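Here's a walk through how the chains of this assembly meet each other. Have the structure open and follow along.

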6 protein chains.
Amino acid sequence: MAGETIRICRRETFNAAHRLYRKDWSDEKNYEVFGKCSYPNYHGHNYVIEVWLEGPIDPITGYLMDLKLLKGIIQKEVCDRFDHKNFNLDCAEFKDRIPTAENIAVVSWNLIKPELPENIALEVVIQETEKNKVAYRGN
Amino acid sequence: MAGETIRICRRETFNAAHRLYRKDWSDEKNYEVFGKCSYPNYHGHNYVIEVWLEGPIDPITGYLMDLKLLKGIIQKEVCDRFDHKNFNLDCAEFKDRIPTAENIAVVSWNLIKPELPENIALEVVIQETEKNKVAYRGN
Amino acid sequence: MAGETIRICRRETFNAAHRLYRKDWSDEKNYEVFGKCSYPNYHGHNYVIEVWLEGPIDPITGYLMDLKLLKGIIQKEVCDRFDHKNFNLDCAEFKDRIPTAENIAVVSWNLIKPELPENIALEVVIQETEKNKVAYRGN
Amino acid sequence: MAGETIRICRRETFNAAHRLYRKDWSDEKNYEVFGKCSYPNYHGHNYVIEVWLEGPIDPITGYLMDLKLLKGIIQKEVCDRFDHKNFNLDCAEFKDRIPTAENIAVVSWNLIKPELPENIALEVVIQETEKNKVAYRGN
Amino acid sequence: MAGETIRICRRETFNAAHRLYRKDWSDEKNYEVFGKCSYPNYHGHNYVIEVWLEGPIDPITGYLMDLKLLKGIIQKEVCDRFDHKNFNLDCAEFKDRIPTAENIAVVSWNLIKPELPENIALEVVIQETEKNKVAYRGN
Amino acid sequence: MAGETIRICRRETFNAAHRLYRKDWSDEKNYEVFGKCSYPNYHGHNYVIEVWLEGPIDPITGYLMDLKLLKGIIQKEVCDRFDHKNFNLDCAEFKDRIPTAENIAVVSWNLIKPELPENIALEVVIQETEKNKVAYRGN
């Protein structure tokens, strides 16, 4: 017998560098669209990732999912991969994607989803600064 | 004439002790599943409860609901009941439920819902630490 | 080809004064309903506005929308209009609306929505104090 | 025997309206010096007050001072006096003082100090917005 | 040649249960002094510890002290010792000390100080709730 | 006549990339000392700068210093200089200094101090992550 449907959230952090630009655009065009985010030598952020799961409470444990397991998945799939890295230079996932917060959320979702049981829905929130964040629920 | 449908949120806090374990399991099994949360002498948290209501704005007052009333309901049904208490030893609501954040959210929802007008939807968010929280909307 | 559907959030702040009361009620009746918020000489808040947009990622830029543009819209439509103002005395939008957080959210939504592309959904969150906030998605 | 010298801090909040201006200056001069803070119809803030005490731990209780007592003093001397008030119109303490954060800190210190035992040093911190605060230790 | 004198701060967290009471007092007397904190079955908190060091910058590394080392000291001396524990029942350090925030700060200071180089001054800040914290600099 | 001595604080933010390493050390030695902070392609942070001034309240304005002026100084001397930059590659101030938080605080202090009146004392706090910050008061 499945328990109540609930959502849980786990928050982790990582620090990384990035630059927003298209190789097929001039520096002027990149600056026009991406502003200071297109500066050539990179800048960086303290990224916060919030991982939200939705599914039934396990009546045996009272958990939707053991947070130690969820923490391990986030650590392995996101933090170990991106922490203290340069998204543009170090991360194959962004070879053909500009490392905007939007794309970091989508990529993180794609990395975490296969690690979860099928009946659990996933939303990933990426906070890039105190003033902006994005949320992705899959398509 | 009912006003716009809106959501409002009230935040309160309380402090409590708990232990996560099943009486029908050995200490080893409990530690295997619940880790440090199964330590025998309890630990505790500063719990944050966010109560979200959804319903129409009252055109007379511009309120969905007077927050003083909502605060009073949260105080009476949740804070007075659980603040400075031990969920396992003091709270009848958890006699047959492990006091995980998930179950605290469900129990709080069940306590608050009957105090609200019928046309108001309820979601309860329980934050247990800076890194984890749960949200419950009823079933 | 449109990219993944995503939500993005931009956070801004402004400071304003207000008083909650109805001109057609006595001071006693106003105090009974609105409590200290009805005091005659106004009080004020540091308001936080979170503007959430939902729509597709632009595959060219990796953005749902350039945050500089969104910031400009919020600045022009909300912050420039309400910052360091008295909602009751200075703001035509509240001539016939009590400036509750609920109504500030609705008015802000109505001001921002026409500035956005049609395919982008909007939610406005207004935080009035550490303990209360409201969210409005349109009707 | 007195215990270790320690500092403790209690945090409370209140909401108020104010306007920064000098009656002996023109509107233009006031705007030049105080900017938007001089707008005639007031604006407001969610003020945070942090009260820091320094003194010895009482070996009997393990407290520097019972926080319930300290909370009561802050409540009576500061919050009850200023909450939901207009500093300029309602508060005699600011009849001859411009209600800047600096002066609010000094006035609050002057109100709280006489309520404390003589051997306890006092510092008052007033946070006016997320971006500015002031701290006063007496003279 | 020593570099500039600077202060650095590292923040960690742990969760624990406690009860404030004196065994040589009646339950009534304990309730009179410690209020709800004297309830017999314990309650708990998410404790935040901020460890501040003051000393010279090492001109070779640009560090006052490697934060990995400092984190390790806090982990071993404070978090491993108190996390998910009951101060009253599990911790020898509080056998003859009431586990107030004041005493937790003093005990933590006493545990961390011997692990640091002699020329580094130490201050320990313990935050017990959103509303109260204490700071101890040694005597 | 000078008013009460007080401290005021202004908070600003900027985002930058950096790498901690010494050119005269091998990669192995750099990794041994600086860990992941020595990764070759940089990482980054959302830096928070808090600028604390200490001095007398101006009895005419009730200000220690107009925060618009202070904000302008921080903007010009720190944020415009470092925001969206790479400390190692773009900033002459760090040609012979490793861009640790300690050194960023010292450099920022050295940049801001000459812009202030002589009778005002200065402390600069740099927060690099949620878990670490440094404070520098000059020597």
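Let's start where chain A meets chain F. This is a predicted model, and in it 15 residue pairs are in polar contact between chain A and chain F, with both residues at pLDDT 80 or more. On the chain A side, the elements that each supply at least two residues are strand S1 (5-18), strand S2 (43-56), strand S3 (85-86), helix H3 (87-90) and strand S4 (121-129). By type, the residues on that side of chain A split into seven nonpolar, 10 polar and seven charged.

How many residues does each chain bring to this contact? Chain A brings 24 residues and chain F brings 24 residues. Three residues stand out on the chain A side: A:Asn41, A:Asn46 and A:His84 supply 32% of the area that chain A buries against chain F, more than any other three residues. The area buried between the two chains is about 1900 Å², with carbon and sulfur atoms giving 49% of that.

Now for the charged pairs. Four salt bridges are counted between chain A and chain F. One joins A:Arg11 to F:Glu130, with the closest N and O atoms 2.5 Å apart. A:Lys36 and F:Asp83 also meet through their side chains in a salt bridge, 2.5 Å from N to O. That second pair runs from loop to loop: A:Lys36 lies between helix H1 (27-34) and S2 of chain A, while F:Asp83 lies between helix H2 (67-82) and strand S3 (85-86) of chain F.

How are these two chains related? A turn of 180 degrees with a shift of 0.0 Å along the axis lays chain A on chain F, with an RMSD of 0.0 Å. The two copies are therefore related as by a two-fold rotation axis. The contact fits that picture: 100% of the interface residues of chain A are also interface residues in chain F, so the copies meet through the same surface.

On to the other interface, between chain C and chain B. Here the contact takes 23 residues from chain C and 22 residues from chain B. On the chain C side, C:Glu102, C:Lys131 and C:Lys133 lose the most area to chain B, and together they make up 33% of what that side buries.

Here are the two interfaces, listed by buried area:

| Interface | Buried area | Share from carbon and sulfur atoms |
|---|---|---|
| Chain A and chain F | about 1900 Å² | 49% |
| Chain C and chain B | about 1800 Å² | 50% |

Across the interface of chain C and chain B there are three salt bridges. In one of them the side chains of B:Arg7 and C:Glu123 meet, at 2.8 Å from N to O. The count of residue pairs in polar contact here is 11, both residues being at pLDDT 80 or more. Which elements of chain C give two or more residues to the side that touches chain B? They are helix H1 (27-34), helix H4 (101-112) and strand S5 (132-136). S5 of chain C gives the largest share, five residues. That side of chain C divides into 10 nonpolar, five polar and eight charged residues.

The relation between these two copies is a rotation of 120 degrees with 0.0 Å of shift along its axis, which superposes chain C on chain B at an RMSD of 0.0 Å. That is the relation of a three-fold axis.

Some pairs of chains don't meet. Chain A and chain D do not touch, and their nearest C-alpha atoms are 11 Å apart. Chain B and chain F have no contact either, with their closest C-alpha atoms 11 Å apart.

Back to a single chain for a moment. Chain A has four helices and five strands, and along the sequence they follow the pattern β-α-β-α-β-α-α-β-β. Its C-alpha trace spans about 60 × 25 × 25 Å along the principal axes.

Finally, the totals and the confidence scores. Over all chains, a search of the whole structure finds 72 salt bridges. Chain A has a mean pLDDT of 97, and 99% of its residues reach 70 or more. For the complex, the predictor gives an ipTM of 0.95 and a pTM of 0.97.

Notes. Residues are numbered from 1 along each chain as its sequence is written. Chains are lettered from A and ligands numbered from 1 in the order in which they are written. Side-chain values use heavy atoms; hydrogens and water are left out. Copies are superposed by least squares on the C-alpha atoms of residues with pLDDT of at least 70 in both. Contact means heavy atoms within 4.5 Å. Buried area is the accessible area (1.4 Å probe) that two parts lose on being put together, summed over both. A polar contact is a pair of N or O atoms within 3.5 Å; within protein, one must be able to donate a hydrogen and the other to accept it, and residues adjacent in sequence count only if both atoms are side-chain atoms. Ala, Val, Leu, Ile, Met, Phe, Trp, Tyr, Cys and Pro count as nonpolar, Asp, Glu, Lys and Arg as charged, and the others, Gly among them, as polar. pLDDT is the predictor's confidence in each residue, from 0 to 100.
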